[in-house]
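Please find below a colleague's note, set out as numbered points. The model is shown first, and the comments follow it.

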Amino acid sequence: MIIYGWRDKIIKTYEDSHIKCKECGSYSQVFIVLQSYFHIFWIPFFPLGRKKVVCQCVECEDASNTERLDHYRSVTRTPFYLFTGVLLIAGFLLVSMWNVYREKSYLKQCVQNPRVGDVFMMETEAYEDKTTYHFMKLTEVTPDTLFMIMNAYYYYGKSIDEIEPDDYFISNDRYYILPNELEEYRREGSLKKVFRDYPLSSTFHYEQEIEFDEEEGEEDREELIERE
């Protein structure tokens, strides 16, 4: 349930001893400046309409005096806190954009300077309208070739930061690509993340050898690694 609406807020109060009250003759007038604002969950988002000014006599509480209303309206600034909601949203968007930029910069840096142990999260073809991910672990770096091993399972429809505890990298099934191919994966967007300097407790350390059916070949492997 979203609670929203508008309210009036007293943003400034002025005491004026130069105006005579028409009712009691005293020189004690108070000018109250109010501003309407829109809120969501009581958080002010932005002001609404003109500022309102009310004049009241301190002695008799008469509110009929209309002198200098425009003056006090014009000298009163709308406070920044009435834009709190807008500022929060803007701040969230800026932080999100900065995080995206930082992640992309880090990914580019790691691709240009790959290290043994780096784990790359790759996006593959969609399966049943869900995005599919798998992980490639860098095991050897030469001037012109990157050697990698792949994890055992595909992950459907979710982006994760570790493989499952029962998953592992198949250590006896190596792939190799050229450094410029890895850069191409990054540019086209199929390379999503890179994990480096992960802790010793990380499941990215899990490796295991498996036996492949030479007659079944790749089809046998695909049956093994598909996983919801």
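1. Beyond its neighbours within four places in sequence, Arg-73 is in contact (heavy atoms within 4.5 Å) with Arg-50, Lys-51 and Val-53. This is a predicted model, in which local features need pLDDT of at least 70 and side-chain atom pairs count only at pLDDT 80 or more, while totals for chains, interfaces and linings use all residues. Residues are numbered from 1 along each chain as its sequence is written, and side-chain values use heavy atoms, with hydrogens and water left out.

2. Arg-73 belongs to helix 1, residues 69-74 (helices are DSSP runs of H or I, at least four residues; strands are runs of E, at least two; both are numbered from the N terminus). With a relative accessible area of 16%, Arg-73 is buried (under 20%, using a 1.4 Å probe and protein chains only). A polar atom of the Arg-73 side chain lies 2.8 Å from the backbone oxygen of Lys-51.

3. The largest pocket (an open set of points on a 1 Å grid over the protein atoms alone, where a 1.4 Å probe fits, with protein on both sides within 12 Å along at least five of seven lines) has a volume of about 390 Å³ (the space filled by probe spheres set on the points, which are joined across faces, edges and corners). Its lining (residues with an atom within 4 Å of a point) comprises 13 residues. Helix 2 (84-112) and strand 9 (191-195) each supply at least two of them, and helix 2 gives the largest share, 6 residues.

Notes: Buried means under 20% relative accessible area, exposed over 50%, partly exposed in between (1.4 Å probe, protein chains only). A polar contact is a pair of N or O atoms within 3.5 Å; within protein, one must be able to donate a hydrogen and the other to accept it, and residues adjacent in sequence count only if both atoms are side-chain atoms.
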